[in-house]
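Here is a brief report on the fold shown below. The sheets come up together with the helices that pack on them.

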Amino acid sequence: MMMKKSWQPGKKYHPAFWQWQKETPVAILEENELPVWGNASDTVSAVKAMGASMVRYPAIRWGVHSYDSSEFLPKYPGLGNRDLFGEIFTEMKKNSIKVMAYCHYGVLHRHAAEMHPEWLAKDAGGSPARWNGKDHHYRSCMVNNDFVHHMRKAIHELCSKYPIDTLYLDGPTFYGECYCEHCRKRYRRTYGEDMPDRLSFENGSRQKNNRLRDAAVSGIVKDLKKELSEFPELPILFNMTMRYHPIHGCGIPEETVKWAQGGNTTEVHRPGSFWTMLQSVRLGASLEKISMCYLPPGPYETLRNFAMVELEVLSGAYLMHGATPMLGTVSTFLNDGTAGKLMSEQVEKFSRFPEIYYRAAPIKEIGLVYSRTSAENFAWDEPSKINDKFSGAFRALLNEHIHFDTFPDTRITREKLQGYRALFIPGGISLKNECLETLREYVRDGGTMLVTGKFTLIGENGEPLNNFAAADLLGVDFISGPPDAPYRAREYRETGPMHGYSQVPEVYLQLTGSRIASVVSAKNLLTPVSDAQVGIPELKRWLDYTIVKAHDNTETLANLYLPAGGAFSAPLEFPLGTPPGITLNHYGKGKVIYVAAPIEEHYERRRLPETRKLLKSLFGILLDNKFIIEVDAPPGIIVNLTGDGGRFFLHLLNYTGTMHEDGYAVEYIAPVHDIKIKLSGIPGECTLKQVGGGKTLKPAKDRTFNIDRLEIFDSYIIQPEN
């Protein structure tokens with residue numbers, strides 16, 4: 001596997017039949033039951049006020065439809081003879097607005113459930129499974145071939161009746177557990193055993209059922225694609241969950257997308273915080289197709305919208321990652337146009353420079369890998385632990401301005417890894433054997449890798465191993481995990497047994513290697529990797545590390561510092577010794593750094609600047625201190641580099657100010673001054689030309705650019721000077 005040199009451009013742009021959809025902002029119009037609008041013409045002005053040139057409207061929702069008539073599905077009972085979808089379709093086309101047909105896939109309206117009780121999902125006791133509470137609708141099953149058949153035929157019927165521009169599937173989704181006869185029969189046929197009444201990760205039954213769900217979801221989209229073969233250039237989109245979901249409700253998106261053109265990657269209500277939303281955006285970009293992201297005008301309300309700065313922040317986050325905005329919502333703009341001007345301005349940014357925002361790909365340097373395999377095989381413990389590790393790594397790299405893009409381990413192939421100078425696999429506790437062999441080849445041919453903690457200590461099928469499956473790559477052997485010590489919630493030195501440390505209440509890395517010692521300003525060169533906060537009863541002590549033995553030719557950069565004793569000024573004791581904490585192994589032409597504690601998860605918990613600076617030093621070793629870009633700015637400045645063939649683009653997003661993360665509202669962004677940028681990887685001289693602003697920056701003698709002020713979002717064209 002030949003390794004590319006630094007500063008390789010993204011994939012050269014080759015337009016696909018669906019590229020127009022990627023470049024088209026979509027306004028969301030709901031209400032397929034009792035619409036808030038009287039005539040379809042009422043909605044046109046709202047769509048235009050939002051700056052959209054396409055509208056998404058429900059044609060099939062909850063197993064009922066909103067068009068004239070159907071041979072395969074019941075009609076929403078309140079519509080009578082009215083053809084709501086047809087009215088919207090006709091009016092939009094009359095005004096040169098494209099139409100995306102929305103089809104919800106996974107829930108049954110009460111009316112549909114009464115007509116087709118055989119389509120219902122079942123709970124473990126055999127009762128019909130409700131959706132969203134006992135008084136709401138019902139859940140359908142994606143394994144029920146009769147239901148799937150009727151949905152597929154109804155969608156074909158819809159496409160035949162109306163020449164829609166795009167098909168959007170909200171699903172296919174398993175909304176919770178299902179123990180219907182169809183699920184039980186498929187489980188028995190596949191595995192030769194009965195499906196238990198309680199699926200669990202402990203006995204492997206949930207993993208088995210998850211594999212069936214993955215196949216069912218991607219199979220539905222595959223068969224639908226075949227059903228719609230007479231519409232070969234109709235883009236098909238689907239709803240997805242980019243981060244791990246324990247019961248695989250939406251399947252594995254990177255598998256389903258093989259039969260579709262992309263889909264929704266961020267929801268209306270941001271998932272926890274801006275930072276986790278940004279993870280979904282970057283993971284969505286890794287699908288290399290269409291990534292749809294909701295762009296609401298401030299808080300998601302029905303009769304009001306808000307011209308809040310959050311709209312600009314989310315817009316910038318999408319722009320810099322090539323995501324397509326889904327604007328929420330038309331019904332709001334029927335009642336209030338407050339956010340219209342600001343939203344239209346943001347949409348206009350998407351439209352003016354498609355070659356920059358939609359036809360460029362991330363520059364490859366560091367690949368941050370999201371390990372679905374680890375999450376599934378480690379879920380018996382707690383799947384959120386894998387998410388915490390990935391989140392910590394993601395946030396640390398962003399905050400330290402280390403350039404990276406991200407993708408799931410299901411996409412690790414020889415071709416995918418071409419061009420990456422380093423990989424980071426946080427929480428890579430379990431990998432497929434084929435994937436591990438590809439990683440060996442990648443490092444052997446000159447690639448580099450950073451891994452931590454229990455990397456490959458669980459086999460590809462979830463079985464615990466006695467040693468790292470990748471021990472040869474790491475250059476260390478596994479000895480043990482933390483001992484069973486008498487930890488207490490609020491133990492620290494002054495309250496431990498005999499007023500000393502028990503074994504072992506705190507864990508540090510003692511930096512011995514000169515190349516990373518400068519990270520720590522303290523004289524003892526210790527940096528914490530456990531959670532030893534005191535005085536907060538609700539916080540449980542967090543300890544996670546491995547005792548390893550280094551191979552003969554493996555270099556130790558840091559030790560694990562594991563103190564015990566120390567009562568009444570007595571010397572500290574080290575009953576576990578000071579085993580290797582950070583090691584560097586040369587493997588073929590490449591290098592692997594192993595850290596014996598998940599420092600990325602520690603950053604997720606504590607946000608210590610020292611932790612992310614240590615990560616940068618480790619990547620400095622892997623990359624020979626030749627980073628593609630170096631940025632001197634506050635940690636709230638987010639950087640991304642993209643390219644198309646020989647053209648390169650720098651994107652900067654400012655997320656520094658008052659965010660109210662608990663309320664999902666960005667109220668104020670503080671302008672940042674004097675940002676220093678050094679493009680170390682680009683050969684020769686270059687300038688930065690501001691996109692849309694006409695401002696051109698020239699470098700200083702040390703090739704550093706100074707951006708005197710960043711409000712919220714800016715992009716620059718990197719122009720080499722001939």
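## The β27-β28 hairpin

In this predicted model, strands β27 and β28 form a hairpin with two residues between them, and G645 there takes a positive phi near 65°. The two strands run antiparallel. Eight bridges join β27 (residues 637-644) to β28. One pair in this ladder is V639 with its bridge partner L652 in β28.

How much of β28 is buried? Seven of the eight residues of this strand (residues 647-654) are buried. The strand is therefore largely enclosed by the rest of the structure.

## The six-stranded sheet

The hairpin strands belong to an open sheet of six strands, ordered β12-β27-β28-β35-β32-β33. Pairing in this sheet is antiparallel. Its edge strands are β12 (361-362) and β33 (696-697), and each of them pairs on one side only.

Beyond the hairpin, β28 also pairs with β35 (residues 713-720). Six bridges link β28 and β35, again in the antiparallel sense. H651 has S715 in β35 as its bridge partner. Next in the order comes β32. This strand (residues 686-690) pairs with β35 over five bridges, also antiparallel. Here K689 stands opposite I717 in β35.

## Helices α9 and α10

Helix α9 lies across β27 and β28. Relative to β27, α9 runs at about 10°.

What is the geometry of α9 against α10? The axes of α9 (residues 274-285) and α10 (residues 309-319) come within 10 Å and cross at roughly 30°. Angles under 35 degrees count as roughly parallel, so α9 is roughly parallel to α10. The crossing is right-handed.

From α9, the contact uses F274, M277, L278 and V281. They meet V313, L314, A317 and Y318 in α10. By residue class, the contact of α9 with α10 has eight nonpolar, no polar and no charged residues.

## The nine-stranded sheet

Another open sheet holds nine strands. Their order is β14-β13-β15-β16-β25-β24-β21-β18-β19, with mixed pairing. Why is one side of β14 and of β19 left without a neighbour in the sheet? Both β14 (404-408) and β19 (526-528) stand at the edges, each with a single partner strand, so one side of each has no neighbour in the sheet. From one strand to the next, the twist averages 25°.

At the β14 edge, the pairing is parallel: five bridges join β13 (residues 366-370) to β14. Y370 stands opposite P408 in β14.

Helix α17 (residues 433-444) lies across four strands of this sheet. These are β15 (422-424), β16 (448-452), β24 (580-587) and β25 (590-595). The helix runs at about 120° to β25.

## An exposed loop residue

E202 sits in the loop between α6 (181-191) and α7 (205-227). Is E202 buried or exposed? Its relative accessibility is 60%. Exposed means over 50%, so E202 counts as exposed.

E202 also has a partner in space from elsewhere in the chain: its C-alpha atom is separated from that of A379 by 8.6 Å. Along the chain, E202 and A379 are 177 residues apart.

Conventions
Residues numbered from 1 in each chain as written. Predicted model: local features only at pLDDT ≥ 70, side-chain atom pairs only at ≥ 80, totals over all residues. Heavy atoms only, no water. Buried < 20%, exposed > 50% of the residue type's maximum accessible area, 1.4 Å probe, protein only. Pairing = 2+ DSSP bridges. Axes fitted to C-alpha atoms, helices over the stretch in contact; angles between N-to-C directions. Parallel < 35°, antiparallel > 145°, perpendicular 65-115°, else oblique. Left-handed = near helix turned anticlockwise from the far one by under 90°. Contact = heavy atoms within 4.5 Å. Nonpolar A, V, L, I, M, F, W, Y, C, P; charged D, E, K, R; others polar.
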